[in-house]
Structure formats: structure tokens, C-alpha cells
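Reader: I am new to reading protein structures, and I would like to go through one slowly. Could we look at it together, one question at a time?

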Amino acid sequence: SIAVTGEGNSTTTNLQQGLAKTWVNFDGTASGAASRDSFNVSGMTDNGTGDYTISHSNDFANANYSTVGASAFNAWCGPDYVSGTLAGSVDVYTQTGTHTKADRDILNFASLGDLA
């Protein structure tokens, strides 16, 4: 654990809590949601069109962590959603502007929180 002083002020930040504990870049159009690269991710599950589970190598302390994501398909960015968190995995999905689940060829998700 380390406290870091912010630039130009005396505010400190707990660096350990501010780091991404997992991240993954994957192709949601590939069979099985093929990971291109990742950190602390033990596997991916393709649950159907636009619906994926990201499993963590090291569990979070509980299900109360934050996951953020971004995706693209042929340079068009679409909305990303977290549909559920467990200590050991997070369920995410992507959809079109008309709220229809859709696969994306570039997906990036990162989770922040306390590991177990």
C-alpha cells in the first residue's frame, strides 16, 4: 500500500485501490470470445450474441467492485453494460443503438476494487 501526493496540491491518493485489478482486450466476434491480451483474467465465456463472462484469476474481496468498458465494431462505438458481478467473474454485454445485443470485434473491460 502506498499513498501518492497529487500534483500541485496536498491531496493524497491510495495507489493500491486506484489500480485496475483486471483488464482484457478481446474479439467478441470470434468463437469463444478470443482474448487478445489480458491481466488477471483466467478465461472468457461467450454466452451468446453480445453476452460474455470474464473470469478473474484472483477473486475480488466481494461483488462490490467497478467494471468499465468500451467497444467498437468497424469503427462504430456501441454501448457496453455490466449485467452482474461476482467475486470471481463479471458478466457484460454489448448492444446496438436499438437495444439489441450485438457482437463487437474490439472489446475492452477493466475492473477496479479490492482483491480477496
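Reader: Which residues line the largest cavity?

Author: This is a predicted model, and what follows is computed from its atoms. The lining of the largest cavity is made up of Thr 22, Trp 23, Val 24, Val 41, Ile 54, His 56, Thr 67, Val 90, Phe 109, Ala 110 and Ser 111.

Reader: How many cavities of 30 Å³ or more are found, and how much space lies in the largest cavity?

Author: The search covers the whole structure, and with 30 Å³ as its lower limit it finds 1 cavity. The space in the largest cavity comes to about 40 Å³.

Reader: Which strands each supply at least two residues of that lining?

Author: The lining includes Thr 22, and Thr 22 belongs to strand S3. Two further strands also reach the mark of at least two lining residues each, so that, by the way strands are numbered from the N terminus, the names to give are S3, S6 and S11.

Reader: Is Thr 22 buried or exposed?

Author: A residue counts as buried when its relative accessible area is under 20%. Leaving aside neighbours within four places in sequence, Thr 22 is in contact with Phe 39, Asn 40, Val 41, His 56, Phe 60, Phe 109, Ala 110 and Ser 111. The relative accessible area of Thr 22 is 2%, and therefore Thr 22 is buried.

Reader: In what order do the elements of the chain run?

Author: The chain has 1 helix and 11 strands. Read from the N terminus on, with α for a helix and β for a strand, the order is β-β-α-β-β-β-β-β-β-β-β-β.

Reader: What share of the contacts between residues at least 6 apart in sequence joins residues at least 24 apart?

Author: Here we take the contacts in the chain between residues at least 6 apart in sequence, and then ask which of these join residues at least 24 apart. That share is 52%.

Reader: How many salt bridges does a search of the whole structure find, and which residues meet in them?

Author: The search finds 2 salt bridges. In one of them the side chains of Arg 36 and Asp 27 meet, with 3.9 Å from N to O, which is within the limit of 4 Å that a salt bridge needs. In the other, at 3.5 Å from N to O, the side chains that meet are those of Asp 51 and Lys 101.

Reader: How many residues apart are Asp 51 and Lys 101 along the chain?

Author: The salt bridge of Asp 51 and Lys 101 links distant parts of the chain, with Asp 51 in strand S6 and Lys 101 in the loop between strand S10 and strand S11. Asp 51 counts as buried because its relative accessibility is 18%, whereas Lys 101, at 39%, counts as partly exposed. Along the chain, the number of residues that sets them apart is 50.

Reader: What else does the side chain of Asp 27 make a polar contact with, and is Asp 27 buried or exposed?

Author: Asp 27 lies in strand S3, which covers residues 20–27, and its side chain makes a polar contact with the side chain of Thr 29 at 2.5 Å. Leaving aside neighbours within four places in sequence, Asp 27 is in contact with several residues, including Ala 33, Arg 104 and Leu 107. Its salt-bridge partner Arg 36 is partly exposed, with a relative accessible area of 45%. Asp 27 has a relative accessibility of 18%, so Asp 27 counts as buried.

Reader: What is phi for Ala 33, and what is it near for Asn 40?

Author: Ala 33 is found in the loop between S3 and strand S4, and, at 2% relative accessibility, Ala 33 counts as buried. Asn 40 has its place in the loop between S4 and strand S5, and Asn 40 is buried as well, with a relative accessible area of 10%. Neither Ala 33 nor Asn 40 is a glycine, and yet phi is positive, at about 55 degrees for Ala 33 and near 60 degrees for Asn 40.

Reader: Is Ala 3 buried or exposed?

Author: Ala 3 lies in strand S1, which covers residues 3–5. A residue counts as exposed when its relative accessible area is over 50%. The relative accessibility of Ala 3 is 56%, and therefore Ala 3 counts as exposed.

How values were computed:
Residues are numbered from 1 along each chain as its sequence is written. This is a predicted model: local features need pLDDT of at least 70, side-chain atom pairs count only at pLDDT 80 or more; totals for chains, interfaces and linings use all residues. Side-chain values use heavy atoms; hydrogens and water are left out. Helices (H or I, at least four residues) and strands (E, at least two) are DSSP runs, numbered from the N terminus. Buried means under 20% relative accessible area, exposed over 50%, partly exposed in between (1.4 Å probe, protein chains only). A polar contact is a pair of N or O atoms within 3.5 Å; within protein, one must be able to donate a hydrogen and the other to accept it, and residues adjacent in sequence count only if both atoms are side-chain atoms. Contact means heavy atoms within 4.5 Å. On a 1 Å grid over the protein atoms alone, a cavity is a set of points where a 1.4 Å probe fits but cannot get out, and a pocket is an open set with protein on both sides within 12 Å along at least five of seven lines; lining residues have an atom within 4 Å of a point. Grid points are joined across faces, edges and corners, and a volume is the space filled by probe spheres set on the points.
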